[in-house]
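Trainee: I've got a structure open and I'd like to practise reading it. Could we go through it together?

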Amino acid sequence: MFMQRISLESQYLLNTPKFITMETQNGESGYVEILQKSQRPFNPLVVIEFTAGVKQAAIEWIVAKIQKSKAAGGAELDVNAVVMHHKQGITVDPNRKGETVLYVGGSTERLLWAADMMDIKKEYRDGYHHEFSVDDVTNFRGSKDLDSFLTMAEKQKIILHELEAVRATEDDTAIAGYERFRLLSGNSIIKKYVSNGIIAKMYPLHDEEEIKRLGAEWYQLKKFANEQPIYQIRDYFGEKIGMYFAFLGFYTVALIPPAFIGILYLVTSWKSMYREAIFAVFNLIWATIFLEAWKRYCSELSFKWGQAQDVELNRSQEPRAMYHGTMDKNPVTGKPEPRYPKYKRSLRFYGVTVPVVGFCLMVAFYLMLGYFYLQAWADEVYAKDKTWLNMTLIYMPTAIYAVIIGIVNNFYRKIAKILNDFENHRLQSSYDNHLIVKLILFDFVNCFISLFYVAFYLQDMTLLRSHLAALLVTQQVIGQVREAMVPFIFVRRRKQQVDKVMQKEAAIQKVEYFNGEMDQTIQKQVNLESTMDEYEGTMDDYLEMFLQFGYVFLFSSAFPLAAFWALLNNVTEIRSDAFKMCRVFQRPFAESASNIGAWQVAFEVISVIAVITNCALIGMDPEVKKLLPSDISAVNIVIIFVAVEHVILAVKGAVAYCIPDTPKWVEIELEKMAFQSKQALHAERMAAASSQQKKLGDLLKLETRETSI
């Protein structure tokens, strides 16, 4: 029996079992073994669902690993299991004996010690955020009630960290029951279960009361014009998601001035060569102001959220869960961790990643050529027969190309992730940055190469304007159909989800509990959340904003209304994304973040490229060329506009320099924190020195007394 075999492997955690009789839905009675560990109530934080038909040995092995002590290489967490046996003829897999779901939690003491080891920051009595210490717990605010001292998001983050920290040793050569799933020394066992399809889902539970309060302030129509509750978002979803929505809101507000000017240009009759030039220069300077102002706001959020910190040395940071290599000791911390030679990673990058990415970029280039071939054919058909049907045919290639761009982008993202996993980066920050570079490089080429081709090879401003408008509007319409229609789709989807849950519960013949009976309300909540979509992270959301930023600023002189369309899209997207986070997606694990990472650099690079493209576009304008002497050479024309470009870049640099990245008050507060830490360390050393001096004096007195005797 499942519970009996578990008790043999982890009996050091279990007390004497007791049996109770449960009535199943078909009226049959059955004995269920419940193994008690303690009298304290079990609070499930994370749910692990196994795939149908998983071998019993694999389940038992991972449960034993989760329960084992840290000293024995386990996670030392609490596990309750629910095994649902379905009625005959209901199960999909004839070999499947039951559907197993693990509920994982931890005692308050265990979670507090883990928070100490993870250096989680909490508010101290001085009002600042300090790294939590169990020895100094009474000096942290909220420590009077230790059970609620850590937020639910922090507890779930700790559970995930401890689960991922259980790594394979040299003795763990394969997953129990699956010899074909080999384990390398240092592999995160829970991650290998997920990647090999043994674990179907692993997610933290929603807090129903809290998510209702957050949703009421975030996405409801009556609060549509209100500012986002960024601090509540951070408290519930963590700093990383909170930072994304803060950036999205800040960027959306920053689009208002260029959108307003674009509308003025549309309704006014002023036609001049200076029109586009003035708007382009304004946009280029405004983009710099926006990015610098965001860095200031970001530093404020980072400080208030306790994320402002000094740069940590790479060697002292913990490796990511999927990092593998030969088990060795960290030369800085002395902790055991995998070690993977740098030259092997370089061989994988230059020998595999670079050629594959190069091939993908070539495919994107030929797709662009295919689009222009198709567009030329459509123009030729319309020129021969100017009917309404053929007029619509002119716009079909652009629409098709926009759809193909989205499909190819999604396909490439999967390739980029495979390549990134293959490179085996040690730190999560390094892994994310390499993935961002891969995604940006391909998406930039795939989305913008056709615009550069029209602007600087064909040199057709009319075609550039229509092509840019078609790409931007088409992609945003597709995005809005996919995202803004969610409320309507979700009503039907929720009904389908509830129906699935009801069918699932009706199919249950017998339920077995391991380590204690689970509350029926929690089980129903888990069954419903299991049907929700998994949130893939902020990567795609940032990438969408990055591409939109490029459409707005790279060729702003050609299409002034781009900012207006972007603003319209973002106003809707903020609320639709909020609704999905609260009601469509499973709750993601909270992640720390002090800024938006490599995306800040990506946006700044785009703003610099925008200077070059807009200056070149203005320089190619025939009206501008008429202002120059008729006998001026092409080389001198290029020199003039390169000089103008450098002047604008210098102005951008001056603006960036004049706007400090960190507000003065934040700098002062950080200096106060550093000073107080230094004073506390000095006081601690003085106390230790005084204690040592007293001990030395007592020892000398004792020796003097013995000598006199």
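Trainee: Which element of the protein chain has the lowest mean pLDDT?
Mentor: Remember that this is a predicted model, and its chain has a mean pLDDT of 80. Among the elements, helix α8 (residues 239-254) sits at the top with a mean of 94. At the bottom, with a mean of 30, is strand β2 (residues 29-34).

Trainee: Over which residues does pLDDT stay under 50, with 93 contacts beyond four places in sequence?
Mentor: Be careful here: where pLDDT is low, the predicted coordinates should not be read in detail. One stretch below 50 is residues 89-96, but that one has seven contacts beyond near neighbours in sequence. The stretch with 93 contacts is residues 1-39.

Trainee: How do α13 and α19 run, roughly parallel or roughly perpendicular?
Mentor: Helix α13 (residues 428-458) packs with helix α19 (residues 598-619), their axes 12 Å apart and at an angle of about 15°. Angles under 35 degrees count as roughly parallel. So α13 and α19 are roughly parallel.

Trainee: How many charged residues are in the contact of α13 with α19?
Mentor: On the α13 side you'll find I436, F444 and F452, among others, and α19 brings residues including W599, I606 and L617. By class, the contact has 13 nonpolar and two polar residues, and the number of charged ones is: none.

Trainee: Is G358 buried, exposed or partly exposed?
Mentor: G358 lies in helix α11 (residues 342-384). Its relative accessible area is 33%, and buried would need under 20%, exposed over 50%. So G358 is partly exposed.

Technical notes
Residues numbered from 1 in each chain as written. Predicted model: local features only at pLDDT ≥ 70, side-chain atom pairs only at ≥ 80, totals over all residues. Heavy atoms only, no water. Axes fitted to C-alpha atoms, helices over the stretch in contact; angles between N-to-C directions. Helix = DSSP H or I, 4+ residues; strand = E, 2+ residues; numbered from the N terminus. Parallel < 35°, antiparallel > 145°, perpendicular 65-115°, else oblique. Contact = heavy atoms within 4.5 Å. Nonpolar A, V, L, I, M, F, W, Y, C, P; charged D, E, K, R; others polar. pLDDT = per-residue confidence, 0-100. Buried < 20%, exposed > 50% of the residue type's maximum accessible area, 1.4 Å probe, protein only.
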